[in-house]
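Good morning, and thank you for coming. I would like to take you through one structure, step by step. Please have the view in front of you as we go.

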Amino acid sequence: MVDLTNPSPLVMTHFELVAFTAGLLGVVVTVIFDRATHYWDRHGRK
Amino acid sequence: VSVMKAFERYALVFVRVYLGGFNLISGLNYFFEFWPQPVPHDPTGAAYMSVTLHLGLFQMAKVLEVLGGTSLLFGISVPFGLVLLFPVTMTVFVMNVFFSDLIHVRISGARNFCFHLILLAAYARYYLPLLALRAPVRPIWRPGGAEPSLSQPRSREGMVHNG
């Protein structure tokens, strides 16, 4: 059960840190995937 | 042009994964308590949270956060995920921006609302068919989904039966 007598709004920043890290990782993974696809299209199977 | 296209692509990935990650961790945190559940600092927010917990609506919102967050994070049925999450984003926006007395909470609610609007705009063409002015029923239980015409029977048997 949630303890309503214990305001802890700073946990919001924990969520933001997780979300920001996930966002950056998402971009990195997408860039790698795009580069790999591009490379495969040019140098992969003909 | 290609630089702008690349920026648009990666910016939208960032916004989508950020909003998905935020909602997923916020939803999971309620059920698993990685950190203490955040409780609004202001009296209105605290009262609202208390009432919604009592009604079970808070728990429902957390389920929506987990479902919608997973959808956005992994890019699965994103237009539907955005619809699922919109009531949560809207409520948090009103509570955080207009009632919270903490600046970082206000910024958080406003930013998530902006991110949601950006994503709704980015996926807008999936929603345009919903704006049909005259929309005949298309039941999921009817093959083809079309509404049968009552005035013009299509089959020969129908014509004989009606005539």
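How many salt bridges are there over all chains? The count comes to three. Before we visit them, please keep in mind that this is a predicted model.

Let us begin with confidence. The model scores ipTM 0.81 and pTM 0.85. For chain B, the mean pLDDT is 90, and 88% of the residues reach 70 or more. Among the elements of chain B, helix α3, residues 57-74, has the highest mean pLDDT, at 98, while helix α6, residues 156-162, has the lowest, at 47. Over residues 157-163 of chain B the pLDDT is below 50, and this stretch has three contacts in the model beyond near neighbours in sequence. Where pLDDT is low, the predicted coordinates should not be read in detail.

Now to the two chains. Chain A has one helix and zero strands. Of its 46 residues, 33% count as buried. Chain A exposes about 3600 Å², and carbon and sulfur atoms supply 68% of that area.

Chain B has six helices and zero strands, so its pattern along the sequence reads α-α-α-α-α-α. It has 163 residues, of which 36% count as buried. Its accessible surface comes to about 10500 Å², with 69% belonging to carbon and sulfur atoms. Consider also how chain B is connected: among its contacts with a separation of 6 or more, 58% are between residues 24 or more positions apart.

We can now return to the salt bridges.

The first one I shall show involves Glu16(A) and Arg111(B), whose closest N and O atoms are 3.3 Å apart. Glu16(A) lies in helix α1 of chain A, residues 11-43, and Arg111(B) lies in helix α5 of chain B, residues 103-122, so this pair joins two chains. Is each partner buried or exposed? Glu16(A) is buried, because its relative accessible area is 13%, under the cut-off of 20%. Arg111(B), at 19% relative accessibility, counts as buried by that rule.

Next, please find Arg9(B) and Asp34(A). They form a salt bridge with the closest N and O atoms 2.7 Å apart. Arg9(B) belongs to helix α1 of chain B and Asp34(A) to helix α1 of chain A, so here too the pair joins two chains. Arg9(B) is partly exposed, with a relative accessible area of 39%.

The remaining pair is Glu65(B) with Lys62(B), where the closest N and O atoms are 3.2 Å apart. Where do these two residues sit relative to each other? They are three residues apart in helix α3 of chain B, and therefore about one helical turn separates them. Glu65(B) is buried, with a relative accessible area of 6%, and Lys62(B) is buried as well, at 5%.

A charged residue without such a partner comes next. Asp42(B) lies in the loop between α1 and α2 of chain B, α2 being residues 43-55. Asp42(B) is buried yet has no salt bridge. Which side chain of opposite charge is nearest to Asp42(B)? That is Arg106(B), and it is 8.7 Å away. A salt bridge requires the nitrogen and the oxygen to be within 4 Å, so a pair at that distance does not qualify. Leaving aside neighbours within four places in sequence, Asp42(B) is in contact with Phe99(B), Ser100(B) and Asp101(B).

Let us turn to the surface. Phe31(B), Phe32(B), Phe34(B), Val63(B) and Leu67(B) form a nonpolar patch there, with about 520 Å² of accessible area together. Helices α1, residues 2-32, and α3 of chain B each supply at least two residues of this patch. One of the patch members, Phe32(B), lies in helix α1 of chain B. Phe32(B) counts as exposed because its relative accessible area is 57%, over the cut-off of 50%.

Finally, please look at Cys114(B), which is placed in helix α5 of chain B. At 42% relative accessibility, Cys114(B) counts as partly exposed. How far apart in sequence and in space are Cys114(B) and Val13(B)? They are 101 residues apart in sequence and 15 Å apart in space, C-alpha to C-alpha.

Thank you for your attention.

Terms used
Residues numbered from 1 in each chain as written. Chains lettered and ligands numbered in written order. Predicted model: local features only at pLDDT ≥ 70, side-chain atom pairs only at ≥ 80, totals over all residues. Heavy atoms only, no water. pLDDT = per-residue confidence, 0-100. Helix = DSSP H or I, 4+ residues; strand = E, 2+ residues; numbered from the N terminus. Contact = heavy atoms within 4.5 Å. Buried < 20%, exposed > 50% of the residue type's maximum accessible area, 1.4 Å probe, protein only. Areas by Shrake-Rupley, 256 points an atom, 1.4 Å probe, with all protein chains shown as cover. Patch = residues over 30% accessible without salt bridge, like charges linked within 9 Å, V, L, I, M, F, W, Y side chains within 5 Å. Lys, Arg positive; Asp, Glu negative; His and termini not counted.
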